[in-house]
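Here are some short exercises to work through with the coordinates open beside you. Try each task before you read its solution.

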Amino acid sequence: MSGVAPELEKLLVLQEREQKKMRLERELTAWPSELKALESKRVEVRASAEKKRLEAQNAEVERKKLELEAEAHRAKAARYKIQQFETRKNEEFAALGTEIQREEKEVQEIEDRELELMALGEKAKKEAAVEAEAVKVKEADLTAKEEDLKKKKTELETRLADLLKEIESLAGGVDSGLLAKYRRILANKKDTAVVPVVHGTNCGGCHMKLTQGSALAAKGGKVDATCENCGRLIFWPSS
Ligand SMILES: [Zn+2]
């Protein structure tokens, strides 16, 4: 004679549902960190676009500063020119001429830098525009992913609620003494409480060799056949 005791069959179904329940609970536990990862991705994407925008803005601010500087030098040169026009001393005329040249050279240099900054600013502006477009696409993608994740959470919760009901009803159909034993083992082992005998000799839970008595009890379909090493309930698989 052989075969799994009907009570153990019930426990196996229950165990399968409870394992599923544990998997769902683990997934639900991971859920907040998955959402958080998406949120920080969003922050990252926005920061990168903001950086480009600021680069463009800073180039413009710098350029305006230079414009004022150039203006100041131009004004100086103009003042010197007036003074030069008014002086009658040759020495002073020559000295002012040198000053004017220096101011004009200064203006030239500043204007060159202004042109460079303008080019940089234009480039940054274009890049910022491209980046802003890319952000829109990335944000839409993130929003979709967040929606999916929220949907997934609802699904997981619904499935879990259904499973809990099923588990309760399945547990109600098992002998209470056996159920208590099963629950104790499961709470202790975390993974399985009822395991098959493997290769006809070993425990499917802890993989240790079973005593002949335990193996025979399992083979005989005894409901209380137990691995003496790990304490799990064992059964003889039908094929
Ligand atoms: Zn064992």
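**Exercise 1. Work out the order of helices and strands along the protein chain, then judge its overall shape.**

Start at the N terminus of this predicted model. Reading on from there, the elements of the protein chain come in the order α-α-α-β-β-α-β. That gives 4 helices and 3 strands.

Now turn to shape. With 239 residues, a compact globule would have a radius of gyration near 18 Å, but the protein chain has 41 Å. Along the principal axes, its C-alpha atoms fill a box of roughly 130 × 35 × 25 Å. As for burial, 15% of the 239 residues count as buried.

**Exercise 2. Compare the reach of helix 2 with the span expected at 1.5 Å a residue, and find what its buried residues pack against.**

First take the length. Helix 2 covers residues 90–172, which is 83 residues. From first C-alpha to last, helix 2 reaches 117 Å, close to the expected 123 Å.

Next, pick out the residues with 20 or more other C-beta atoms within 10 Å of their own, the cut-off for burial. In helix 2 these are Leu 96, Glu 103, Ile 110, Leu 117 and Ala 124. Their packing partner is helix 1.

**Exercise 3. Lay out the strand order of the sheet and the sense of each pairing.**

Begin with the order: the 3 strands form an open sheet, 2-1-3, with mixed pairing. Strand 2 (202–203) and strand 3 are at the edges with a single partner strand each, so each has one side without a neighbour in the sheet.

Then take the pairs one at a time. Strand 1 and strand 2 are antiparallel, with 2 bridges; here Val 198 has Asn 202 of strand 2 as its bridge partner. Between these two strands lies a hairpin connection of 3 residues, and His 199 in this hairpin has a positive phi near 55 degrees. Strand 1 and strand 3 run parallel and are joined by 3 bridges, with Leu 233 of strand 3 as the bridge partner of Val 194.

**Exercise 4. Which residues of helix 4 are buried, and why do they line one face of the helix?**

List the buried residues first: Ala 215, Ala 217 and Ala 218. Looking down the axis of helix 4, the buried residues fall within an arc of 160 degrees, so they line one face. Gln 212 and Gly 213, on the other side of helix 4, are exposed.

Next, ask what the buried residues meet: they pack against strand 1 and strand 3. For a closer look, take Ala 218 and leave aside its neighbours within four places in sequence; Ala 218 is then in contact with Val 197, Ala 225, Ile 234, Phe 235 and Trp 236. Past the end of helix 4 comes Gly 221, which has a positive phi near 75 degrees.

**Exercise 5. Describe the largest nonpolar core and the elements that supply it.**

Start with the members. The largest nonpolar core has 22 residues, and those touching the most other members are Tyr 182, Val 194, Ala 218, Leu 233, Ile 234 and Phe 235. Two or more residues come from each of helix 1 (6–86), helix 3 (176–189), strand 1 (194–198), helix 4 (212–219) and strand 3 (233–235).

Apart from this core lies another, of 5 residues, including Ala 59, Ile 110, Leu 117 and Ala 124. To tie this back to Exercise 2, Ile 110, Leu 117 and Ala 124 are among the buried residues of helix 2.

Definitions and conventions: Residues numbered from 1 in each chain as written. Predicted model: local features only at pLDDT ≥ 70, side-chain atom pairs only at ≥ 80, totals over all residues. Core = buried A, V, L, I, M, F, W, Y, C linked by C-beta atoms within 7 Å. Buried ≥ 20, exposed ≤ 12 C-beta atoms within 10 Å, placed from the backbone. Contact = placed C-beta atoms within 7 Å. Rg over C-alpha atoms; globule rule 2.2 N^0.38 Å. Arc of directions from axis to C-beta. Expected span 1.5 Å × (residues − 1). Pairing = 2+ DSSP bridges.
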